[in-house]
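Visitor: I have a structure open on my screen and would like to learn how to read it. Could you take me through it step by step?

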Amino acid sequence: MSDNNNKKTEAAPAKAKGKLAVYWAASCGGCEIAILGIDDKILNVAEAFDIVLWPCATDGKVRDVEKMADGEIDVCLFNGGIRTSEQEYMAQLLRKKSKVLVAFGSCAHEGCIPGLGNLNDRRQIFDTVYKEGSATFPENPEDVRPQAETEVPEGTLHLPMFYNTLKTLDQTVKVDYYLPGCPPEADKIWAAIVAILEGKLPAPGSVIGSNTTVCDECKRTRTEKKIKKFYRTWQIKPDPEQCLLEQGLPCWGIATRAGCGALCPQVNSPCIGCHGANDGVEDYGARLMSALASVIDSDDPEEIQQIIADGFPDTVGTFYRFSLAKSLLRRKNQAAPAEMAENASVK
Amino acid sequence: MSESTFEPKIVGFLCNWCSYRAADLAGSARIKYAPNVRIIRVMCSGRVDPSFVLKALSMGADGVMIAGCHPGECHYVDQNYKTMRRYHMLKATLEAMGIEPDRVQLVWASAAEGELLASSINKLVEDVRKLGPLNWPGNWEEDGERLKALEDIAKEHEEAMEVQP
């Protein structure tokens, strides 16, 4: 890879060191920490790569990236979804300048928690933050809102435009690889970096990781799944040996890509599905609903509806916690009737 | 689109053993039903993954019908009970996504019930006609300001981030 770099760009350093960029869009920052989770191996990364941009950890300038030749960056690890025009601009810029663009972590891959904002639109989100008294703006009597353009005596000031809908990275630009997880586990990050350095990457467009479910990695005892009642995690103290789903805890290992080593079920906590779906699944939530519904232990329509209503007060947040932006529907109906909008905004 | 010219697009998933035969029967008995439904034959209503319904809606269908054998009469013993559970699970999710419940309907129609299937199709079409177009594709398009906002960023970087000699 670094050899290519030398041939293609005259400005590359003589030592054939690769160039690495890490960027943070709409996400919590956990992915940045996760990269540092590879511990002292980060020094090997610094040995192999010049870090040209990593706003969280190093001093790189966007303007310098803008001046680079196309494809000059060898690898870009991009975490976060696309919520603002600035993030979209950076995604386009880094796509153009990078040979390999990796959607790093659940937000870039599937939208993750920021993607649940797709249950609302810009106006509703701004109302919550600027009108209804959030921690950021406890008081805002004049109802001041961010504007994309503001005129001041010195000229026009710009803020990035805040989009109605959060998009995943691959809904915005072409993505070469996906590294799933919220955040990706340190050993998987290191394995991906090694694969990149050795040029042993899978076919472009693939998700770097296993292609089986978390249940396959889970050591709990499984018998037969027949569920009369679903419980929230705080309602029961689960048996440490038996399958959590069989005990009525919504555990998403049944539909979730393996790779984490069943970390959560191991500590008596249900899988919440952060690795997303396996290859070939178009809609994670649909797969989950399908599998889950089939183990409900009732043939009576009314009882079934009651079990679902009691067990899942927030259906979208439960089935699409990490993947709403990536799902087939992507977001809530913007033209939804008012009374439905009220009901569905209950989290 | 005005209400008078709106013709709902309906996708119907009909099971091979009962409901599809009911549609056949409706045809041979010359029972008329609304032409809005595009019928897809599946081996069992239990084969209808919720993603089929989501895909239909996301690609422009205004409504979806799932039809199968009556409970207890499934050719595959009890698979239509799974259909029933999946249907209710899906409906709860669709409602939270702002999709009216009447747009997706589950119908049990045996091979002898051509009349029932035809009237169920007509009912679904009329229900959806009242609700109007769903128009899902494009639900996530941003408004026209987006492109200008993107151009502004590039321009500003050129002006403000350039170090003058």
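Guide: We will go from the whole of chain A to its domains, its sheet and its contact with chain B. Please keep in mind that this is a predicted model.

Visitor: Let's begin with the overall form. What radius of gyration does chain A have, and how does that fit a compact globule?

Guide: The idea is to set the value beside the one expected for the chain length. Chain A has 347 residues, for which a compact globule would be near 20 Å; the value for chain A is 22 Å, so the two agree. Along the principal axes, the C-alpha atoms of chain A fill a box of roughly 70 × 55 × 30 Å.

Visitor: And how much of chain A is buried?

Guide: Burial is judged by counting neighbours: a residue counts as buried if 20 or more other C-beta atoms lie within 10 Å of its own. By that count, 43% of the residues of chain A are buried. Another thing to look at is how far apart in sequence the contacting residues are. Among contacts in chain A with a separation of 6 or more, 71% join residues 24 or more positions apart.

Visitor: How is chain A divided into domains?

Guide: A domain need not be one unbroken stretch of sequence, as the ranges here show: domain 1 covers 2–114 + 164–198, and domain 2 covers 214–331 + 338–344. Their centres are 32 Å apart. Where they touch, 15 residues of domain 1 meet 13 residues of domain 2. On the domain 1 side, helix 6 (106–110) and strand 8 (162–167) of chain A each give two or more residues. That side has four nonpolar, seven polar and four charged residues.

Visitor: Now the strands. In what order do they lie in the open sheet of chain A?

Guide: Strand numbers follow the sequence, whereas sheet order follows the pairing. The five strands of this sheet are ordered 2-1-3-5-9, with parallel pairing. Strand 2 (49–53) and strand 9 (177–179) are at the edges; each has a single partner strand, so one side of each has no neighbour in the sheet. On average, neighbouring strands are turned by 25° against each other.

Visitor: Can you show me one pair, and what lies across the sheet?

Guide: Take strand 1 (residues 18–24) and strand 2 of chain A, which pair over four bridges. In one of them, A:Leu20 is the bridge partner of A:Ile51. Helix 5 (residues 85–97) of chain A lies across strands 1, 3 and 5, at about 135° to strand 5.

Visitor: On to the two chains. How many residues does each give to the contact?

Guide: An interface can be described in several ways. Its size is often given as the accessible area lost when the parts come together. Here we count residues instead: 46 from chain A and 39 from chain B. Helix 3 of chain B gives the most to its side, with 12 residues. The chain B side comprises 19 nonpolar, seven polar and 13 charged residues.

Visitor: Which helices could I look at to see the chains meet?

Guide: Try helix 12 (residues 284–294) of chain A and helix 2 of chain B, which pack at about 145° with their axes 8 Å apart. A:Ala286, A:Arg287, A:Met289 and A:Ser290 meet B:Pro50, B:Ser51 and B:Leu54 there. By class, this contact has four nonpolar, two polar and one charged residues.

Notes: Residues numbered from 1 in each chain as written. Chains lettered and ligands numbered in written order. Predicted model: local features only at pLDDT ≥ 70, side-chain atom pairs only at ≥ 80, totals over all residues. Rg over C-alpha atoms; globule rule 2.2 N^0.38 Å. Buried ≥ 20, exposed ≤ 12 C-beta atoms within 10 Å, placed from the backbone. Contact = placed C-beta atoms within 7 Å. Domains from an automatic or database assignment. Nonpolar A, V, L, I, M, F, W, Y, C, P; charged D, E, K, R; others polar. Pairing = 2+ DSSP bridges. Axes fitted to C-alpha atoms, helices over the stretch in contact; angles between N-to-C directions.
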